[in-house]
Amino acid sequence: MVASIVRTLQLNPTTLSPISRPLLFFSIPLQLRAVRRASVSMSYNRQLAAAKKAAALAACLCQKVQKALLQSDVQSKYDKTPVTVADYGSQAVVSYILEKELPSMSFSLVAEEDSEDLRKEEAQGMLKRITELVNETLASDGMADMMPLSEEDVLVAIDSGKSEGGPHGQHWVLDPIDGTKGFLRGDQYAIALALLDEGKVVLGVLACPNLPLAAVASHNQLISKDDVGCLFYAHVGTGTYMQSLDGSKSTKVHVSATENPEEASFFESFEAAHSMHDLSGLIAKKLGVKAPPVRIDSQAKYGALSRGDGAIYLRFPHKGYREKIWDHAAGYIVVAG
Ligand SMILES: Nc1ncnc2c1ncn2[C@@H]1O[C@H](COP(=O)(O)O)[C@@H](O)[C@H]1OP(=O)(O)O
Ligand SMILES: [Mg+2]
Ligand SMILES: [Mg+2]
Ligand SMILES: [Mg+2]
C-alpha cells in the first residue's frame, strides 16, 4: 500500500454532505484505529447477523431481476440516473428484514431510493412487479407463512429509508443497488449496507452477486460466470471476512501488503462518466504503477480491494457530482476492517 498518500474517507452523517475527497488511497487510517479502540468492547453481533441476512436476500432479488431484465423494469430518476424494480425491491427487502430481525432497537435508515415516483399513476405496473418480487424473496427465506406484503406495505418499507441520520445514535446506511449502470449491463453491482454508531461506521456488509470468488486481476476475468457471488462483511475491530453468497464458510481477508507501486494494480470506475480515467492514468503513471487499470462498477471495487486483488482505488468524479454516504460507507469499513 502506498502509505505516504493515504487519505481517510470521512463520512458525515449529520449533514449527509458529499465526501469531498476525490482521491482515495486506502490503508488503515489513524482515525479509525482510535474508533476501533473505543468500540472494541461494543458488540454488534445481532446487527451483523441481520445485515448479512438482509443483504443476501436482497442479492437474490437482484439476481433474479438481472437474469430477466425487462425494459419496463427501468425508470429514469429526476437526475436522469436509472432506477430499476431491483433497486426498489432490494431497498424494501433490506428495510423490512432489518426491522423484523431487530424489533427491540430503534430503527433509522438512510437509503438512496424513495417511493415518490412509484406512487405515480404510470408506475402502477412497476409497483405491482416490485411487490411480487419482494413477496417471492421473503417467501424463499421461509417467511411464506406471513401475510404477503401489500403494495402500500412495500412503499412504506421503501420510505423507511428516509431518515436524515445524525451524529448520535445508530443509523443504517443503504445503497440497495450500487452501480445500477453495471447492473443493467449485466456486470458488477453491489448491495451496500453499513451501520453508523455515534457518527462512525462500525459495521458493513457488501453483497457482490457477480464478483468472482477468486481474485480479479483484469477485466477479462470479470466475465467469468463460474464461482461468482461474494458477501464481504466487517465489524469494527475484528477484520473483514468473505463468504460466497450461497452461504459457504467465511474466510478472513486482508488488503494488499504491497509497498512497491510497480507491483500494485489499481481499480477505477468502469464508467468514464463517473471518474476521470485520463487523470487516474496520469497519477498512476506518476506513482510508478505499471499495470493497466482494472475497471469495475460499484463498491465491488472495495470488496476486491479488501482481499488484496489490487492495492489502490482511484476515483475522480466530474465537477459538480456529490458523493453520497451510501456510496462509500459499507465499502469503507470492508477495506478498513
Ligand atoms: N455522475 C456520476 N459520477 C460519479 N458517480 C456516479 C455518477 N452517477 C452515479 N454515480 C454513482 O457511482 C456509483 C457507481 O459508480 P462506479 O461504478 O463508478 O463506482 C454508484 O454509487 C452510482 O450510483 P448508483 O448507486 O445510483 O448506481
Ligand atoms: Mg442510483
Ligand atoms: Mg451508489
Ligand atoms: Mg444505488
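A residue is called buried here if 20 or more other C-beta atoms lie within 10 Å of its own, and exposed if 12 or fewer do. By that criterion helix α3 is mostly covered, since 14 of its 17 residues are buried. The structure discussed is a predicted model. Helix α3 comprises residues 85-101, and its geometry can be checked: at 1.5 Å a residue it should span 24 Å, and because its end C-alpha atoms are 24 Å apart, the expectation and the model agree.

The confidence of the prediction comes next. The mean pLDDT of the protein is 87, and 84% of the residues reach 70 or more. Residues 1-41 stand apart in this respect, with pLDDT below 50; this stretch nevertheless has 74 contacts in the model beyond near neighbours in sequence. For the complex, the predictor gives an ipTM of 0.93 and a pTM of 0.88.

Helix α3 also takes part in covering another helix. In α4, residues 124-143, the buried positions are M126, L127, I130, T131, L133, V134, N135, T137 and L138. The elements that cover these buried residues include α2, β1 (74-76), α3 and α5 (151-159). An α-helix has 3.6 residues a turn, so residues three or four places apart point the same way. Within α4, M126, I130, L133 and T137 are among the buried residues.

The ligand site may now be considered. Ligand 1 is surrounded by 18 residues, of which T180, S269, H274, D297 and D327 are the closest. Two elements, β4 (170-178) and α6 (180-185), each give two or more residues to this shell. In character, the shell divides into four nonpolar, eight polar and six charged residues.

An unreviewed UniProt entry lists E112, D175, I177, D178 and D327 under "binding site". These positions are spread over 216 residues of sequence, yet they cluster in space, with a largest C-alpha distance of 9.7 Å. D327 thus appears both in the UniProt list and among the residues closest to ligand 1.

Two of the listed aspartates can be followed individually. D175 lies in strand β4 and counts as buried because 31 other C-beta atoms lie within 10 Å. Setting aside residues up to four places away in sequence, D175 touches E112, A192, W326 and D327. D178 is likewise found in strand β4, and it is buried because 29 other C-beta atoms lie within 10 Å. With the same exclusion of sequence neighbours, the contacts of D178 are Y189, A190, A192, S298, Q299 and D327.

One of these contacts, S298, has a backbone feature of its own: its phi is positive, about 70°, although it is not a glycine. S298 sits in the loop between β11 (294-295) and α8 (300-306), and it is buried, because 31 other C-beta atoms lie within 10 Å. A positive phi is found also at E198, where the value is near 50° in a residue other than glycine. E198 belongs to the loop between β5 (190-197) and β6 (200-212). With 16 other C-beta atoms within 10 Å, E198 is partly exposed.

A final loop position is S43, placed between α1 (30-39) and α2 (45-67). S43 is exposed, because 11 other C-beta atoms lie within 10 Å. S43 and H235 are 192 residues apart along the chain, while their C-alpha atoms are separated by 8.8 Å.

Notes. Residues numbered from 1 in each chain as written. Chains lettered and ligands numbered in written order. Predicted model: local features only at pLDDT ≥ 70, side-chain atom pairs only at ≥ 80, totals over all residues. Near = placed C-beta within 6 Å. Helix = DSSP H or I, 4+ residues; strand = E, 2+ residues; numbered from the N terminus. Nonpolar A, V, L, I, M, F, W, Y, C, P; charged D, E, K, R; others polar. UniProt positions renumbered as here; feature names shortened; annotations may be inferred. Contact = placed C-beta atoms within 7 Å. Expected span 1.5 Å × (residues − 1). pLDDT = per-residue confidence, 0-100.
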